[in-house]
Amino acid sequence: MFTDIPDDAKGEIIEKWNRMSETDKAHFINQVALALSVWGSDERGRELVVEVLKLMTNNGTKTLADFGIYVEELIKTKKASGRVSKIRRVGLILEGYRIKHGLPSVPHIDIS
């Protein structure tokens with residue numbers, strides 16, 4: 001699943017995971033699980049999760065709990081081909097999840 005992520009990004013993801021609170025880890029896991037429930041847990045669904053992680057690391061987000069904020073950004077990528085409706089559906093589901101749990105609607109960004 002993570003073979004398409006560059007090694008430096010993998011290290012960044014692991015570092016973010018280690019710094020996150022248990023609550024944020026649970027929010028990340030829940031959001032990924034919700035996404036996979038719509039996209040499927042097969043290779044194609046996991047590929048979309050990897051693409052979201054790439055978008056997150058490229059943007060400098062500080063926490064993986066921001067996963068749901070980046071889902072709709074997939075529509076702008078080549079990976080969205082034929083899956084725009086499922087991506088939008090997941091975006092709406094995760095927006096509801098984030099609202100229900102009081103999560104921010106803008107990413108936590110490292111400004112260096």
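A crossing of two helices is called right-handed if the near helix is turned clockwise from the far one by less than a right angle, and left-handed if it is turned anticlockwise. The exercises below concern a predicted model.

**Exercise 1. Describe how helix 2 and helix 5 are arranged relative to each other, and name the residues that make their contact.**

Step 1. Locate the two elements: helix 2 covers residues 22–39, and helix 5 covers residues 84–100. Their axes come within 9 Å and cross at roughly 150°.

Step 2. Classify the angle. Angles over 145 degrees count as roughly antiparallel, and helix 2 and helix 5 are therefore roughly antiparallel to each other.

Step 3. State the handedness, using the definition at the top: the crossing in which helix 2 passes helix 5 is right-handed.

Step 4. List the residues in contact. Helix 2 contributes Ala-26, His-27, Asn-30, Gln-31, Leu-34, Ala-35, Val-38 and Trp-39, while helix 5 contributes Lys-86, Ile-87, Arg-89, Val-90, Ile-93, Leu-94, Tyr-97 and Arg-98.

Step 5. Sort the residues of this contact by character, which gives ten nonpolar, three polar and three charged.

**Exercise 2. The whole structure holds nine salt bridges. For the pairs Glu-12 with Lys-16, Lys-25 with Glu-22 and Glu-73 with Lys-76, work out which residues are buried, partly exposed or exposed.**

Step 1. Recall the cut-offs that the reasoning needs: under 20% relative accessible area a residue is buried, over 50% it is exposed, and in between it is partly exposed.

Step 2. Take the pair in helix 1, which spans residues 7–19. The closest N and O atoms of Glu-12 and Lys-16 are 3.2 Å apart, and these two residues stand four places apart in the sequence, about one turn of the helix. Glu-12 is partly exposed because its relative accessible area is 26%, whereas Lys-16, at 4%, counts as buried.

Step 3. Turn to the pair in helix 2, where Lys-25 and Glu-22 lie three residues apart, again about one turn of the helix. Their salt bridge has an N to O distance of 3.4 Å. Lys-25 is buried because its relative accessible area is 12%, but Glu-22, with 60%, is exposed.

Step 4. Finish with Glu-73 and Lys-76, whose closest N and O atoms are 3.2 Å apart. Glu-73 has a relative accessibility of 33% and so counts as partly exposed, while Lys-76, with a relative accessible area of 66%, is exposed.

**Exercise 3. Place Asp-66 and Arg-83 in the structure, and find which residues each of them touches, leaving aside neighbours up to four places away in sequence.**

Step 1. Asp-66 lies in the loop between helix 3 (43–59) and helix 4 (67–70). At 1% relative accessibility, Asp-66 is counted as buried.

Step 2. The residues that Asp-66 touches are Met-56, Thr-61, Arg-98, Pro-107 and His-108.

Step 3. Arg-83 is found in the loop between helix 4 and helix 5. With a relative accessibility of 12%, Arg-83 counts as buried, and its contacts are Arg-44, Glu-47 and Leu-48.

**Exercise 4. How many residues apart in sequence are Gly-96 and Lys-16, and how far apart are they in space?**

Step 1. Gly-96 belongs to helix 5 and is partly exposed, with a relative accessible area of 34%.

Step 2. Gly-96 and Lys-16 are separated by 80 residues in sequence and by 24 Å in space, taken from C-alpha to C-alpha.

Key: Residues numbered from 1 in each chain as written. Predicted model: local features only at pLDDT ≥ 70, side-chain atom pairs only at ≥ 80, totals over all residues. Heavy atoms only, no water. Axes fitted to C-alpha atoms, helices over the stretch in contact; angles between N-to-C directions. Parallel < 35°, antiparallel > 145°, perpendicular 65-115°, else oblique. Contact = heavy atoms within 4.5 Å. Nonpolar A, V, L, I, M, F, W, Y, C, P; charged D, E, K, R; others polar. Salt bridge = Lys/Arg side-chain N within 4 Å of Asp/Glu carboxyl O. Buried < 20%, exposed > 50% of the residue type's maximum accessible area, 1.4 Å probe, protein only.
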